[in-house]
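Here are my notes after a pass through this one. Have the structure open while you read, and check the points against it as you go.

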Amino acid sequence: MISKKMEEALNEQVNAELYSAYLYLSMESYFKAQNLNGFANWMRIQTQEEVMHATKIYDFINERGGRVLLKAIEGPQTEWDSALAVFKATYEHEQKVTGLINDLVDLAIKEKDHATNSFLQWFVNEQVEEESTADEIVQQLKMMENAPGGMFMFDRELGQRVFTPPATEGK
Ligand code: FEO
């Protein structure tokens, strides 16, 4: 059985992951409006990953005898100045999420909740990837600032991204 405090904190994280999905869907819409369909595809996959993160926590709360209580999701930003600005915002957002995951781990340790701590380690590792992928794209876009022709090729490259659910999905 999960403690009330841990249950509430995990519920907050479900909301944060769904907000992330909402933010990336908004970024997809921005790219669609710019006719950058590869960038839009990348954001669609990112959205799917965030929904998977949210449902993973949702399932865990239920598995531990807790109750999921969904709250309102905040409206995301809708406009950015450039593709670079979008990916800088993505990188900053993922750093924020890493902080939230770390806070959850701290709470699990404080509560001696080893099961939740173990469950959260998947997210700790996932955040390393989330941050590094976003940062890599920021760096690539910076290099393209003076060579706009590269954007066409990069858009095609980002269009190749596909959603692959993890093998350990749900556990
Ligand atoms: Fe669910 Fe992008 O962290």
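The points below cover the cores, one helix pair, the salt bridges and a few single residues.

1. First, a caveat: this is a predicted model. Please read everything below with that in mind.

2. Start with the largest nonpolar core, which has 22 residues. If you want to find its middle, look for the residues with the most contacts inside it: F31, F39, M43, V86, F87 and L141. Five helices each put in at least two residues, namely α1 (4–33), α2 (37–63), α3 (83–110), α4 (114–143) and α5 (150–158). The top contributor is α1, which gives six residues. As background, nonpolar side chains in soluble globular proteins tend to be buried together.

3. F87 is a handy place to centre the view. Skipping neighbours within four places in sequence, F87 is in contact with F31, F39, W42, M43, I137, V138 and L141. Four of the names on the most-contacts list turn up again here: F31, F39, M43 and L141.

4. Don't stop at that core, though. Apart from it there is another one, of 21 residues, and I57, I101, A108 and W122 are among its members.

5. How do α1 and α3 pack? Their axes are 11 Å apart and the angle is about 170 degrees. An angle over 145 degrees counts as roughly antiparallel, so α1 is roughly antiparallel to α3. The residues in the contact between α1 and α3 split into 20 nonpolar, four polar and four charged.

6. On to the charged pairs: the model has five salt bridges. One of them joins E12 and K71, whose closest N and O atoms are 2.5 Å apart. This pair links distant parts of the chain, since E12 is in helix α1 while K71 sits in the loop between α2 and α3, 59 residues away. E12 counts as partly exposed because its relative accessibility is 41%, which falls between the 20% and 50% cut-offs.

7. R44 and E28 form another salt bridge, at 2.8 Å from N to O. R44 belongs to helix α2 and E28 to helix α1, so this pair ties together parts that are 16 residues apart in sequence. Is each partner buried or partly exposed? They split: R44 is partly exposed at 40% relative accessibility, whereas E28 is buried at 7%.

8. E28 deserves a second look. Leaving out residues up to four places away in sequence, E28 touches A40, M43 and R44. So besides its salt-bridge partner R44, this buried glutamate also touches M43, one of the residues with the most contacts inside the largest core.

9. A third salt bridge has R161 meeting E49, with an N to O distance of 3.6 Å. R161 lies in the segment after α5 and E49 in helix α2, so the pair ties together parts that are 112 residues apart in sequence. Here both partners are buried.

10. Last, have a look at F119, in helix α4. F119 counts as buried because its relative accessible area is 7%, under the 20% cut-off. Beyond its neighbours within four places in sequence, F119 is in contact with K56, I57 and F60; I57 is also listed in the 21-residue core. For a sense of scale, the C-alpha atoms of F119 and N37 are 35 Å apart, and the two residues are separated by 82 residues along the chain.

How values were computed
Residues numbered from 1 in each chain as written. Predicted model: local features only at pLDDT ≥ 70, side-chain atom pairs only at ≥ 80, totals over all residues. Heavy atoms only, no water. Core = buried A, V, L, I, M, F, W, Y, C linked by side-chain atoms within 4.5 Å. Buried < 20%, exposed > 50% of the residue type's maximum accessible area, 1.4 Å probe, protein only. Helix = DSSP H or I, 4+ residues; strand = E, 2+ residues; numbered from the N terminus. Contact = heavy atoms within 4.5 Å. Salt bridge = Lys/Arg side-chain N within 4 Å of Asp/Glu carboxyl O. Axes fitted to C-alpha atoms, helices over the stretch in contact; angles between N-to-C directions. Parallel < 35°, antiparallel > 145°, perpendicular 65-115°, else oblique. Nonpolar A, V, L, I, M, F, W, Y, C, P; charged D, E, K, R; others polar.
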